[in-house]
Amino acid sequence: MSRILVSAVLGAALAFGAQAALAQEKKAKKKAPAKEQVAAVPQPQEIKGDPDNAHRNKIAMCIGCHGIPGYKTAFPDVYHVPKIAGQQPAYLVNALKAYKSGERSHPSMRGIAASLTDQDMADLAAYYGAPAK
C-alpha cells in the first residue's frame, strides 16, 4: 500500500508542478514588453575650436614650416610646404586626422599629428582657418 501512496503523491506533485509551470509561462508572456529597449548610443559632440588657445599654446609646431612664405623642405624629399593660413577649418582637421591615422604619409606631419588630440586639431583649424586680421 505504501508503494501506491508514494506513486499517487508523486503523480499529484508532477501534475500540480506542471500546471504551475504552465501558469507562470502564460503570465510571463502577458507581462513581456513588446520590444526590447536598446540603450541609446551617445552621439559624438561637435568639438568647437578655440583660435586664441591655439595662438597661445599650439601653433609653435606649425609656424616653423607653414609660417615661412615660399619655404621648401628637404625631408623626406624637396618639396614646397603648403600655406595653411586661410584654409577651410574642416579641411585642416581632416588632413590632420589623415596624418594621424596614416592615410597621409609625410613622416614629419605624421609625428606631429600623432601628438594632437581632437581638441588640438579643432583649435589649430579655427586659428588657421580664421579670416586674416
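Before I turn to the structure, one definition: two packed helices are described by the angle between their axes and the distance between the axes, and here an axis is a line fitted to the C-alpha atoms, for helices over the stretch in contact. Please also keep in mind throughout that what we are looking at is a predicted model.

Let me begin with the overall layout. The protein has six helices and two strands, and if you read along the sequence you meet them in the pattern α-α-α-β-β-α-α-α. Of the 133 residues in the protein, 20% are buried. Among the contacts between residues at least 6 apart in sequence, 60% join residues that are at least 24 apart.

I would like to spend most of my time on helix α4, which covers residues 89-101. Its 13 residues should span 18 Å at 1.5 Å a residue, and because its end C-alpha atoms are 18 Å apart, the expected span and the model agree. Just after α4 comes glycine 102, whose phi is positive, near 95 degrees.

Which residues of α4 are buried? They are Leu92, Val93, Ala95, Leu96, Ala98 and Tyr99, and what covers them includes α5, residues 107-114, and α6, residues 118-129.

Now to the packing of α4 with α5, where the definition I opened with is needed. The two helices pack at an angle of about 100 degrees, and their axes are 8 Å apart. Since angles of 65 to 115 degrees count as roughly perpendicular, α4 is roughly perpendicular to α5. On the α4 side the residues in contact are Leu96, Tyr99 and Lys100, and on the α5 side they meet Met109, Arg110, Ala113 and Ala114. Sorted by class, this contact has five nonpolar residues, two charged residues and no polar ones. Leu96 and Tyr99, then, belong to this contact and are also among the buried residues of α4.

Let me finish with the cysteines. Why do cysteine 62 and cysteine 65 not form a disulfide with each other? A disulfide is a covalent bond between the sulfur atoms of two cysteines, and the cut-off used here asks for the sulfur atoms to be within 2.5 Å. The sulfur of cysteine 62 is 9.1 Å from the closest cysteine sulfur, in cysteine 65, and is therefore too far for a bond. By this rule the count comes to zero disulfides. As for their surroundings, cysteine 62 is buried, with a relative accessible area of 11%, whereas cysteine 65, at 33% relative accessibility, counts as partly exposed.

Conventions. Residues are numbered from 1 along each chain as its sequence is written. This is a predicted model: local features need pLDDT of at least 70, side-chain atom pairs count only at pLDDT 80 or more; totals for chains, interfaces and linings use all residues. Side-chain values use heavy atoms; hydrogens and water are left out. Helices (H or I, at least four residues) and strands (E, at least two) are DSSP runs, numbered from the N terminus. The expected span of a helix is 1.5 Å times one less than its number of residues. Buried means under 20% relative accessible area, exposed over 50%, partly exposed in between (1.4 Å probe, protein chains only). Contact means heavy atoms within 4.5 Å. Axes are lines fitted to C-alpha atoms, for helices over the stretch in contact, and angles run from 0 to 180 degrees between N-to-C directions. Angles under 35 degrees count as roughly parallel, over 145 as roughly antiparallel, 65 to 115 as roughly perpendicular and the rest as oblique. Ala, Val, Leu, Ile, Met, Phe, Trp, Tyr, Cys and Pro count as nonpolar, Asp, Glu, Lys and Arg as charged, and the others, Gly among them, as polar.
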